[in-house]
2 protein chains.
Amino acid sequence: MDTTTISHIGEKAGGSATVQGWLYNRRSSGKIQFLIVRDGTGYLQAVVPRADVPAEVWEAAERASQECSLRVTGTVREEKRAPGGYEMSAQSVEILGPSEGYPITPKEHGVDFLMNLRHLWMRSSQQHAVLRVRSEIEQAIRDFFYRREFTLIDSPILTGSAVEGTSTLFETDYFGDKAYLSQSGQLYLEPAAAAFGKVYCFGPTFRAEKSKTRRHLTEFWMIEPEVAFLRFEGLVELAEDLIVTVMGRVLERCQEDLKRLERDTKKLEAIQKPFPRITYREAVQKLAALGFSVKFGDDLGADEETALAKDLDRPLVVSRFPAAIKSFYMQPDPEDPEVVLGLDMLAPEGYGEIIGGSERIYDLALLEKRIEEHELPRDAYEWYLDVRRFGTFPHSGFGMGLERFVAWACGIHHLREAIPYPRTLKRIYP
Amino acid sequence: MDTTTISHIGEKAGGSATVQGWLYNRRSSGKIQFLIVRDGTGYLQAVVPRADVPAEVWEAAERASQECSLRVTGTVREEKRAPGGYEMSAQSVEILGPSEGYPITPKEHGVDFLMNLRHLWMRSSQQHAVLRVRSEIEQAIRDFFYRREFTLIDSPILTGSAVEGTSTLFETDYFGDKAYLSQSGQLYLEPAAAAFGKVYCFGPTFRAEKSKTRRHLTEFWMIEPEVAFLRFEGLVELAEDLIVTVMGRVLERCQEDLKRLERDTKKLEAIQKPFPRITYREAVQKLAALGFSVKFGDDLGADEETALAKDLDRPLVVSRFPAAIKSFYMQPDPEDPEVVLGLDMLAPEGYGEIIGGSERIYDLALLEKRIEEHELPRDAYEWYLDVRRFGTFPHSGFGMGLERFVAWACGIHHLREAIPYPRTLKRIYP
């Protein structure tokens, strides 16, 4: 059977077409029924005039209930006021699969109720739009790195050692040994950068954190590039370019979804280079002036992040943090050795940290010293130290949380709606 | 500093360039040193003539040891006999990071030794080539589905129920409950097909199998499309198109890597549509004629698969298996209800099953009956059954193992070399 997806219905304008999908909504005047059909690629209004169709077609249209699957054939015409710009005069309506008592109705439901029905909730127009934007963002990210000739290196999920302690790791039995679900691919990417030059990984990562905030998922996707011979300034540029390119693509290709989400696209259009920059030292001063009791050596929390990025229309790059509050592998700033060449990128509108990265220590002795200072298990790092033993090289990389970027692009409040099947402290179903 | 990657060195022909990389190999005549430099994007021969360079440059070139990192500046010229087609007359050689006692030498090493050094072994030209082909294949697969307007739906890794028994599942504690690492995204994709029409997932999957064969990894990547309203014939075509398109892209863009792997590319050029097809019933007859003791209802093992595909130059599609030996969700063949509309695609050259898929049962009552017959826990499937309760629809999907495809494309024997950091029964390091 020759069917058309709704996204391509315009190609059939003036002629006949058949679409298959589900009943999203309906209106009826007694003489005319208006069926809104969705097929995952778009929405189409099918008009069924009682006077012009056989009795069984009218009756099928009347019988069609929310989310039943159906096949509709008719004439396609342009109709500026219709969603998508086209409308169908139906000549035939056939119900394929009934739907009785569909649990999600136009009335308000609680989030827990909807999350228990996540497998159905994703049919709803807003959830559908968010996940379409997510899909576009993922391809845009892969295209970005592919065009820049990065090699994709999938880092492993199952890892044999808990290099920074087990407190936030999921553990599993691995044929009699202990294994842990990865929190980052970085340690695996640094050796790969020596083999391929520019590499990235992009896969699920896990954090067994007992946080219940809207910013935390236990399973989330992370993008991590790692580049040989790249210094800190180049890393900041790479991060900027990624954000600007991907946001540009969302604006270019997701207009309908953004509209459905009532996203203020002006806010996204403002995301252009260069991003404003501030050092940690400057940030501490600024925060103190704003009345925060923050001093050198303190971590910046969510409130501080929001205050720093509040008046900005694009992400803020905070750099050069105290070594003591950052990971052991970050390269000290040669001009200010108390701080490291690390960056956090804070999204505007309160979306918080979307990128964290640094230049990496490439001197073997210094890295060994840091491992000792941080009281980390030296044995677990032996293979990682090999990168510094055999042809060491300056290199830099960062990590970007996918769901945070998606939530920001879509203007949604909670990360749990930015992933198809969210996993949180209280949720592993469906 | 203005540096050039070796993949772009041709753009500098006739002029000067600086490359940064690692010493891959060297030859010396006493008067001239030939340094083969690799930077992950290619190999470049740098020629250092004693008579024409300052003493410290000659001395640095002499000091350069295997896998030290270095920076070389010189004049680029075309040289047909050189790898990559270009050569550099070095004016400056600078060692950035020394390398003493690099453990992988040109002599033969055992696989276990090399796998313990996987983080270094990936610098070796053959391993490097395989992982570059893998990276290209992954992007080609994503492009294939993107161009066909599939929505990427990341299925979850952590799942709350062991739907087909726990014997091959990795288990973890999830804040007091049990959770399992996913073996397939299919159950999560079927509901998504009702929301988006055409969907796919592509991520890591896990099997805690005690198999030690060259065909098994405990962690591997799988591609799973699922398409609403697609029937069995369309599914076979989708699988064919994917294989042909991706193999064509490998041939188009990975010639150098295939050459380094000494892959017979004629074998890959032969992968064209249509693929030969055989039903399970026909396969049993054919195998019996070849002397195998196989009867209707038996599973086809690796030996049987190899025998069926042996004389073919492209994959073989085996279809319509007995319902009893296949998964509970496969749609019966209306013309032969003892068998199901399932397919296995067997690669030539003994690479075995690369794709397995089926049309799915969409009738609620039949699916409930099957769950009972297979003695599966009905409760765990309630949400999955919703797909049949609310607007059920015919749909089909398949799974393709990435590492099997990579091994086949590269002509390598063992799956463990087709993934950056392999995980097998005996290996979770590095």
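**Exercise 1. Work out what share of the contacts in chain A join residues at least 24 apart in sequence.**

Start by keeping just the contacts in chain A between residues at least 6 apart in sequence. Of those, 67% join residues at least 24 apart. Bear in mind that this is a predicted model.

**Exercise 2. Describe chain A: its helices and strands, its span and its buried residues.**

Begin with the elements: there are 13 helices and 17 strands in chain A. Next, take the C-alpha trace, which spans about 85 × 55 × 40 Å along its principal axes. Now go through the 430 residues of chain A: 60% of them are buried, where buried means under 20% relative accessible area. Finish with the surface: chain A exposes about 17100 Å², and 48% of that comes from carbon and sulfur atoms.

**Exercise 3. Find how much area chain B and chain A bury between them, and which three residues of chain B supply the most.**

First count who takes part: 96 residues from chain B and 95 from chain A. Then get the area, about 7400 Å², with 62% of it on carbon and sulfur atoms. On chain B's side, B:Tyr146, B:Phe175 and B:Phe390 supply 10% of the area buried against chain A, more than any other three residues.

**Exercise 4. Look for salt bridges and polar contacts across the interface, then see what chain B brings to it.**

The salt bridge rule, a nitrogen-to-oxygen cut-off of 4 Å, finds 2 across the interface. One of them pairs A:Asp154 with B:Arg134, at 2.6 Å from N to O. Polar contacts come to 51 residue pairs between the chains. Helix 4 of chain B (residues 125-147) gives the most to the side touching chain A, with 11 residues. Sorted by class, that side of chain B has 47 nonpolar, 25 polar and 24 charged residues.

Notes. Residues numbered from 1 in each chain as written. Chains lettered and ligands numbered in written order. Predicted model: local features only at pLDDT ≥ 70, side-chain atom pairs only at ≥ 80, totals over all residues. Heavy atoms only, no water. Contact = heavy atoms within 4.5 Å. Buried area = accessible area lost by both parts, 1.4 Å probe. Salt bridge = Lys/Arg side-chain N within 4 Å of Asp/Glu carboxyl O. Polar contact = N/O pair within 3.5 Å; in protein donor to acceptor, adjacent residues only side chain to side chain. Helix = DSSP H or I, 4+ residues; strand = E, 2+ residues; numbered from the N terminus. Nonpolar A, V, L, I, M, F, W, Y, C, P; charged D, E, K, R; others polar. Buried < 20%, exposed > 50% of the residue type's maximum accessible area, 1.4 Å probe, protein only. Areas by Shrake-Rupley, 256 points an atom, 1.4 Å probe, with all protein chains shown as cover.
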